[in-house]
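Me: Could you take a close look at one strand of this model for me, along with the parts that surround it? I have the sequence and the structure open and would like to follow along.

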Amino acid sequence: MPKLIVALDVDSFERATRIIERLKGIDVLYKIGHEALFRYGEPLIASLESLGLPSFMDVKLYDIPRTVAAGVRALVRPNVRIINVHALGGAAMMEAAVEAAAQRSAELGIAAPLIYAVTVLTSLAAEDLGELGLSGGPGENVIRLAGLARDARCAGVVCSVQEAYDLKSFFGAEFGTLCPGIRPAGTAHGDQKRVATPREAALAGVDYIVVGRPILEAPDPAAAARAILAEMEGVHA
């Protein structure tokens, strides 16, 4: 069954801590993306660390290998389980990220975070790829970039649920898939284009799903999170 990652994409530390408090006792990871990291990243990371709660650093690093390695080293902390980079940065950049995570974790005496590579953003549809100079559809590009990520020793890739089943078929069940763009049936898609329900994610064998607004904007975030978990658990019952 996929693990649920709750995206703390909110504008204040106080709101983020209220969400965390309301989800107390539910088995989730917390995503720290650009908004949270740049506004109140240090107190949020410290708060999650003090509570022993696991996090996913959704930073999408994309630069020369040395710079990305330095960024990864700065992000390695206790309870940081996943850090992502952009696969379009190339094999050498991804390898540098993997090596930096392992080296820094060894220095700190903690488990190394998993490095996941972003393939094609779930906000992009097939018609958007031509504008970026990419030939073929999302599926072809995701498979190609995932191959680079696997060879660079990344633990897995960020993709949509629509590509996850084929990725597992190509690279094996142990190669991880982390999928944003998850929307329970009947909820708005927002700026996501390649979306899926939690049930569809579970059926595809996804390892992690990321959910933001359907939980953050729910009258009862805990009930919304439990409903998503129950929907996925039902697939594997």
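Reply: Happy to! This is a predicted model, and a good place to begin is on the outside of the strand we are heading for, with two helices. Helix H1 passes helix H2 in a right-handed crossing. On the H1 side, the contact is made by Phe13, Ala16 and Ile20; H2 brings Tyr40, Pro43, Leu44, Ser47, Leu48 and Leu51 to it. The two helices pack with their axes 10 Å apart and at an angle of about 20°. Because angles under 35 degrees count as roughly parallel, H1 is roughly parallel to H2.

Now to strand S2 itself, which spans residues 28–32. The strand is mostly covered, with five of its five residues buried. Follow the side chains along it: Val28, Tyr30 and Ile32 point one way, while Leu29 and Lys31 point the other way. Residues on both sides are buried, Lys31 included. As a rule, side chains in a regular strand alternate between the two faces of the sheet.

Next, look at the neighbours of S2. On one side is strand S1 (residues 3–7), which pairs with S2 in the parallel sense over four bridges. Within that pairing, valine 6 has tyrosine 30 of S2 as its bridge partner. To get from S1 to S2, the chain goes through helix H1 (residues 13–22), and this β-α-β crossover is right-handed.

Strand S3 (residues 55–61) also pairs with S2 in the parallel sense, here over three bridges. Isoleucine 32 stands opposite methionine 57 of S3. The link is again a helix: S2, H2 (residues 34–51) and S3 make a right-handed β-α-β unit. So much for the immediate surroundings of the strand.

One step further along, S3 pairs with strand S4 (residues 80–86) in the parallel sense over four bridges, and phenylalanine 56 stands opposite isoleucine 82 in S4. Helix H3 (residues 65–75) lies across S3, S4 and strand S5 (114–118), and runs at about 165° to S3.

Finally, zoom out to see where S2 belongs. The strands form a closed barrel of eight, in the order S1-S2-S3-S4-S5-S6-S7-S8, with parallel pairing. From one strand to the next, the twist averages 25°. In that order S2 sits between S1 and S3, the two strands you have just met as its pairing partners.

Methods:
Residues are numbered from 1 along each chain as its sequence is written. This is a predicted model: local features need pLDDT of at least 70, side-chain atom pairs count only at pLDDT 80 or more; totals for chains, interfaces and linings use all residues. Side-chain values use heavy atoms; hydrogens and water are left out. Buried means under 20% relative accessible area, exposed over 50%, partly exposed in between (1.4 Å probe, protein chains only). Two strands pair if DSSP finds at least two bridges between them. A crossover is right-handed if, with the strands pointing away from the viewer, the path from the first strand over the helix to the second runs clockwise. Axes are lines fitted to C-alpha atoms, for helices over the stretch in contact, and angles run from 0 to 180 degrees between N-to-C directions. Angles under 35 degrees count as roughly parallel, over 145 as roughly antiparallel, 65 to 115 as roughly perpendicular and the rest as oblique. A crossing is left-handed if the near helix is turned anticlockwise from the far one by less than a right angle, and right-handed if clockwise. Contact means heavy atoms within 4.5 Å.
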